[in-house]
Protein chains: 2
Amino acid sequence: MYRTHTCGELRLEHAGNTVTLAGWVHRIRDFGGMNFIDLRDRYGITQLVFNPEHNDALAQSASQLGREFVIAVKGKVVERSNKNLQIPTGEIEIIVDELNVLNASITPPFTIEDDTDGGDDLRMKYRYLDLRRNPLQQNLLKRHEVAKAVRAYMDAQGFADVETPFFIKSTPEGARDFVVPSRLNPGQFYALPQSPQTFKQLLMVSGFDRYYQIVRCFRDEDLRADRQPEFTQIDCEMAFVEREDVLQMFEGLVKNVFKKVKGIELPEFPRMSYDDAMLFYGNDKPDIRFAMKFVALRESTPLSLGEGQGVRKNSVMIFPTGFKVFDDAETVIGICATGCAEYSRKQLDELTEFVKRPQLGANGLVYIKCNADGTFKSSVDKFYSQEDLKNIAEKFSAKAGDLILILAGETARTRKALSELRLEMGNRLGLRSKEEFKPLWVLDFPLLEFDEEEKRWNAMHHPFTSWRKEDDALLETDPGKVKANAYDIVMNGVELGGGSIRIHNRKNQERMFSALGMSKEQYDYKFGFILNAFEYGTPPHGGIAFGFDRFCSMVTANQEGIRDFIAFPKNNMGRDMMLDAPSDIDEKQKKELGL
Amino acid sequence: MYRTHTCGELRLEHAGNTVTLAGWVHRIRDFGGMNFIDLRDRYGITQLVFNPEHNDALAQSASQLGREFVIAVKGKVVERSNKNLQIPTGEIEIIVDELNVLNASITPPFTIEDDTDGGDDLRMKYRYLDLRRNPLQQNLLKRHEVAKAVRAYMDAQGFADVETPFFIKSTPEGARDFVVPSRLNPGQFYALPQSPQTFKQLLMVSGFDRYYQIVRCFRDEDLRADRQPEFTQIDCEMAFVEREDVLQMFEGLVKNVFKKVKGIELPEFPRMSYDDAMLFYGNDKPDIRFAMKFVALRESTPLSLGEGQGVRKNSVMIFPTGFKVFDDAETVIGICATGCAEYSRKQLDELTEFVKRPQLGANGLVYIKCNADGTFKSSVDKFYSQEDLKNIAEKFSAKAGDLILILAGETARTRKALSELRLEMGNRLGLRSKEEFKPLWVLDFPLLEFDEEEKRWNAMHHPFTSWRKEDDALLETDPGKVKANAYDIVMNGVELGGGSIRIHNRKNQERMFSALGMSKEQYDYKFGFILNAFEYGTPPHGGIAFGFDRFCSMVTANQEGIRDFIAFPKNNMGRDMMLDAPSDIDEKQKKELGL
């Protein structure tokens, strides 16, 4: 037996006991031959004492130990004179009588501390050492807690955890599939699932009624920072439901996880239409921890947004023409940053540079300072009178001391840039607290979006999403106006999940495939199995999927980055730096696969 | 809202309530215009009544319904005059007031009944309909119960569920890897894991201490009946453990699952050495629901079995020479089938044919009937006296009325054939009850086995398995004699899982790779990451993995077949008949992948 207790377990009440502990040498302090060693394992740290007056030979051995050696010790638990109340074991220490070196360690390439000195690449290569650091270890243990909370809720609600296949048929729609050559079926390939979408729908056809799975998915996309070729999804589906049933069920899931894992009671989730999200936040996943809503000074194309309640049709310019940039712009929108009128030239230049970065591509930034004395100072002073600026300020409900920031240009791009600027101002003003969690349902997405490159309509969510009954006639006549029965769940500006009520009959599914520009031959080849299934008594059904990596990152740390919540992630080129994968394979292997 | 209750929920106490139900039309019985419909969902069946005297138009509509239509009905719960106490809802029925056809169904290609008329291929193609059948649906729901019980135990024992990557490096040892071409790294491939073996060991290096995962694995083997290219594993690892710790922990797991899922208390698991298993059952996964142990009449090569306690060195022939088949055989072994002395010529011929099948390849079967009158009747009467036969019978402890069956030949093949014959006799004698569960630990496996084709040693479990300290010196001098710190858990003749205490230092891991005939260059390329990891303070560790598909099949139905416990299985050619996968992929897709 290697140990009687873990390194996180001993308390004052154990004083006098003889115990055996095993773990890693975390820190060594030598006080003139007297060695204090912090012994570490997953459960905590316990102080070991090697006293030459107690046992000289042992103290000598202890002085030979190095960081990250694995040792087992036997000794007596005693009360510490110098207590460390920062750690649960800080009231005791072990007077060591026996030392057993289980394994030595060469010097690690970086320190195993909360704040390590190792760079990203080094830590990725030695991931097994990086994972010894407490913050990463806690992230993964917390991930397990989240999974447990998810399963507990889903199990209690009667969802069946059914495993779906990883070797499926390649039916790329949107993102690329990863494929696997089949040796037994030469020249043919399996695809790895981008999600178990069709399988969960088939399980509804089969009458499983409620299904969930925490499941790996694969998407061969051009990688961006923090996007992984393999990722984990909480995948869910329910039969005999309408949208409201699904929203209630999964609002319950998120609330439950936050309660269990963080002890936080989330209030009822507000709801917002996609159109309002775009109009007021320029973004379909708005961070509503703070307001700072967009104010439109001009929207020349309100109708392109559909006719949702949020669309304001006005948008006559409230100031005279003269400033060509505004006059010619499709859209002129701005935000009001409370109390920022004192921003310096330098600060304003920073914001201008921020929106002019190539990712955002704004041409410039117009500001209006609402001075304490009631006057206005603007970068477009020469085009507008104080009266004009006052009118604008009123439209923003700006007070003395506030700063108005305005962008103009093509609608989609300008919204995107202002959305980013809004988040930047939220950061600068400390409005995006790590302690605050603001969930939101975004509803009524467009069913389709036009792909300018391919000159065809794409499904905004996926091709199995149904649409609002009242828009049915538009699918063939004005597809851009059709609203989907789709919903996203957003928190603090991060999309946690999304789903929809599905199409559940062959005719509508075929109409959808046609709307996406697929021929009957194409969709029969790719999706014949599910079209057929729809003919044998398919119940109405709908579901949702959460990005589990991101969900864990949000619950654990209120952040968007996911790499620190995955045990062995890939880098931005999809490489595992530790394994050095992908790699070449044997010629023999290739030959067997017919490659 | 589609329903107020499920079809399994209503009882007598609901009589008088107005309810809405939704589900599938399971059966329709027409009694002169009065229609009784069994409405089915995952939760049960409820009887609907459409009475023309109550509502003629509705009864007319009901008569238009077909099997597997999806309907919703509103009506009143009433007590049945003709109760069906076989089903939980059998005391009530619904007098229907409203009928809503949610979806029609064309006629299914086979009946949705417990015993269906559909053949295997048809049911595989329409798997979503086959999964509507109660037995299959219950299998998968039970699988979820097993998973829940596994997770509850592992969680309670402090195991962390950590997800490991699916895109790894190809390091084929033994079975072939499935590979995935990388578009972003042209010419390179990921491999899909045959198991997360190296990752779980790295998690021990990282200090996760206890790890588990229910995880998909992939193995590109030539398929046999009921072997799937993708399968699920309960994968576990523990640090700071010796063999006994692991055995206790996972015996606890199996006991716990049986208690929770089946209400069965399993007794302490017996243990058997590999040598004894081979000697007495000819098989490293013996079915010990019944004894019928092998008796050796001659074992000319006992030393090839190693020197475990089970090996009997005697095995001098107890009868005189003369029968050339026995005289020349490496091994002569038999079993005693209690009470089978009356077997007819036809029955004995069947058994002879059974062992002569090409899979077993025995040359013939010798029998000795122990007659009621104390005489013996044997197929080798002419070579042996009654006295010789009596001596043999005594060795088998055979009583009057028993039948002795003897095989002779090369040791491994003869043992295999007799093992199968033993199981066949067990079946014929009703000794393999579906109600009985007999677990067993098999211990002390050989570390290596010689591959006659490749003329080199292979790891019997895998190359990370450690060996008994006392055999250390033999690794380079007599590798066949080295016993591994490995263990299998067997139940009713089925291997549920297996594992080992691992090698945890670089030197021994390199010795192992060398013993397997790998050059330093080869193992550094393939396994450099784990060899390196072993240098940074790796704790002693060990673990186990269970085949989850088989585990579920055993717990649920006490059977070895797994296909009925997987939602969407592949056929014996690795094909998904429903999806028609694997399939061709686009030329564009191939080109992007550089294939």
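**Figure legends: chain A and its partner copy**

**View 1. The secondary structure of chain A.** Welcome to chain A, where 16 helices and 22 strands make up the secondary structure. Please keep in mind that this is a predicted model. Taken along the principal axes, the box filled by the C-alpha atoms of chain A is roughly 90 × 75 × 50 Å.

**View 2. Burial and contacts in chain A.** Chain A has 595 residues, and 59% of them are buried. Now look at the contacts in chain A with a separation of 6 or more: 67% of these come from residues 24 or more positions apart.

**View 3. Surface and charge of chain A.** The accessible surface of chain A is about 24000 Å². Carbon and sulfur atoms contribute 47% of that surface. As for charge, 79 side chains of chain A are positive and 90 are negative. The centre of the positive set and the centre of the negative set lie 0 Å apart.

**View 4. Chains A and B as two copies.** A turn of 180°, with a shift of 0.0 Å along the axis, lays chain B on chain A with an RMSD of 0.1 Å. The two copies are therefore related as by a two-fold rotation axis. To find that axis from chain B, look for B:Val180: its C-alpha is the one nearest the axis in that chain, at 2.5 Å.

**View 5. The interface between the copies.** Which surface does each copy use to meet the other? Of the interface residues of chain B, 100% are also interface residues in chain A, so the copies meet through the same surface.

Note on methods: Residues numbered from 1 in each chain as written. Chains lettered and ligands numbered in written order. Predicted model: local features only at pLDDT ≥ 70, side-chain atom pairs only at ≥ 80, totals over all residues. Heavy atoms only, no water. Helix = DSSP H or I, 4+ residues; strand = E, 2+ residues; numbered from the N terminus. Buried < 20%, exposed > 50% of the residue type's maximum accessible area, 1.4 Å probe, protein only. Contact = heavy atoms within 4.5 Å. Areas by Shrake-Rupley, 256 points an atom, 1.4 Å probe, with all protein chains shown as cover. Lys, Arg positive; Asp, Glu negative; His and termini not counted. Charge placed at Lys NZ, Arg CZ, Asp CG, Glu CD. Least-squares fit on C-alpha atoms with pLDDT ≥ 70 in both.
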